[in-house]
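Dear colleague,

I am passing on the structure we spoke about, together with some notes on what came out of going through it. Please look at the model first and then read on.

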Amino acid sequence: MSHAYSPGWRKFSVVVLRPLLFGMLKRDWRGQENIPREGGLIIVANHISEADPLALALFVYKSGRYPVYLAKSTLFDVRYLRSILRGTGQIPVYRDSTDASLALRDAEAALRAGECLMFYPEGTCTRDPDLWPMTGQTGAARLALATGAKVVPMASWGAHELLPYMKAERRGLAAGLKKGFHPFPRKTMRVIAGPPLDLSKYEGSPPTAETLRDATTEIMRAIADLVGELRGERPPAKLYDHHQAIEQRRHTDEEAQTS
């Protein structure tokens, strides 16, 4: 399956969104020279707010690439929205598929066509109480090893002040965030891109669970280190595991019910 988009729709999205974002956000950008200007590319980033895709999109566009995001396949069934998503070349992800390669089939086709794909390996906004990256899912690593596409780690900081994500645990830094959209005063979106990751030691290896997990661990550590650089802090040695935290809470609740 080939990847298709409309140049007209892409131009329209730039005409509409670029002045809006430039007017709304102040910027502290670093590392744009680390983004290759051509060829299939995977951008992997942390996710702290539903607003950070806009900041990352502008950063990547001004670096010479058009950002292509992965979206739930059901969004492509929504009238009007599907025209925008299809027209700009966004990628459907079939999350109900039991076959990981099928779930990412369109993403692989886009990479082979030379697109720049935006990935949030965490799969959702971070639930870490201090908004550090969590452990990641293996989709980005799987695509990188399947296509040979370069993987560039990125980090952003500041979008949580514009539009906080309120499902993080209400302790630590997340406890001080106030619900709602806060455009004033203008927020500074800090974004940094690191150099492409060297995943060559995994090339030629079968995509086993262990291989994909190890590659993903390297990806998430690179992202966490960049977040630490933006924050001027040292990231945690062990990243927050949301699934493990859910299991621990469930186990605690079960023990409380039986005691």
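To begin with a small point, in which loop is serine 73 found? This is a predicted model, and in it serine 73 is found in the loop between β3 and α3. With a relative accessibility of 18%, which is under the 20% limit, serine 73 counts as buried. If neighbours within four places in sequence are left aside, the residues in contact with serine 73 are Pro92, Val93 and Tyr94. Tyrosine 80 lies in the loop between β3 (67-72) and α3 as well, but tyrosine 80 is exposed, with a relative accessible area of 60%. The phi angle of tyrosine 80 is near 70°, which is a positive value in a residue other than glycine.

Two further places in the backbone may be worth a look. Leucine 131, in the loop between β5 (116-119) and α6 (139-147), also has a positive phi, of about 65°, although it is not a glycine. Leucine 131 is buried, its relative accessible area being 3%. The other place is the peptide bond that joins phenylalanine 184 and proline 185, which is cis, with omega at about -10°; proline 185 belongs to the loop between α7 (159-162) and β7 (187-193).

As for the chain as a whole, its secondary structure comes to nine helices and seven strands. For 259 residues, a compact globule would have a radius of gyration near 18 Å, and the 19 Å of the protein chain agrees with this. Taken along the principal axes, the C-alpha atoms fill a box of roughly 60 × 50 × 40 Å. Of the contacts between residues at least 6 apart in sequence, 76% join residues that are at least 24 apart. The chain exposes about 13,600 Å², of which carbon and sulfur atoms supply 53%, while 46% of the 259 residues count as buried.

Turning to the interior, in soluble globular proteins nonpolar side chains tend to be buried together. Here the largest nonpolar core has 48 residues, and those that touch the most other members are Ile42, Val44, Leu117, Phe119, Leu143 and Val151. Helix α8 (residues 209-231) gives the most to this core, with nine residues. A second, separate core has 16 residues, including Ile43, Leu56, Ala57 and Tyr120. If you would like one residue to centre the view on, valine 44 touches Phe119, Pro121, Ala140, Val151, Val152, Pro153, Met154, Ile219 and Ile223, residues up to four places away in sequence not being counted.

Finally, there is a nonpolar patch on the surface, of about 800 Å², made by Trp9, Phe12, Val15, Val16, Leu17, Leu20, Leu75, Val78, Leu81 and Ile84. The elements that give two or more residues to the patch are α1 (7-24) and α3 (81-87), and α1 gives the most, with six residues. One of the patch residues is phenylalanine 12, whose place is in helix α1. Because partly exposed covers the range between 20% and 50% relative accessible area, phenylalanine 12, at 48% relative accessibility, falls in that class.

With best wishes

Conventions
Residues are numbered from 1 along each chain as its sequence is written. This is a predicted model: local features need pLDDT of at least 70, side-chain atom pairs count only at pLDDT 80 or more; totals for chains, interfaces and linings use all residues. Side-chain values use heavy atoms; hydrogens and water are left out. Patches are made of residues with over 30% relative accessible area and no salt bridge: like charges are joined within 9 Å, nonpolar side chains (Val, Leu, Ile, Met, Phe, Trp, Tyr) within 5 Å. Accessible areas come from the Shrake-Rupley method with a 1.4 Å probe; for residues, only the protein chains shown count as cover. A salt bridge is a side-chain nitrogen of Lys or Arg within 4 Å of a carboxyl oxygen of Asp or Glu. Helices (H or I, at least four residues) and strands (E, at least two) are DSSP runs, numbered from the N terminus. Buried means under 20% relative accessible area, exposed over 50%, partly exposed in between (1.4 Å probe, protein chains only). The radius of gyration is taken over C-alpha atoms; the globule rule is 2.2 Å times the number of residues to the power 0.38. Contact means heavy atoms within 4.5 Å. A nonpolar core is a set of buried Ala, Val, Leu, Ile, Met, Phe, Trp, Tyr and Cys residues joined through side-chain atoms within 4.5 Å.
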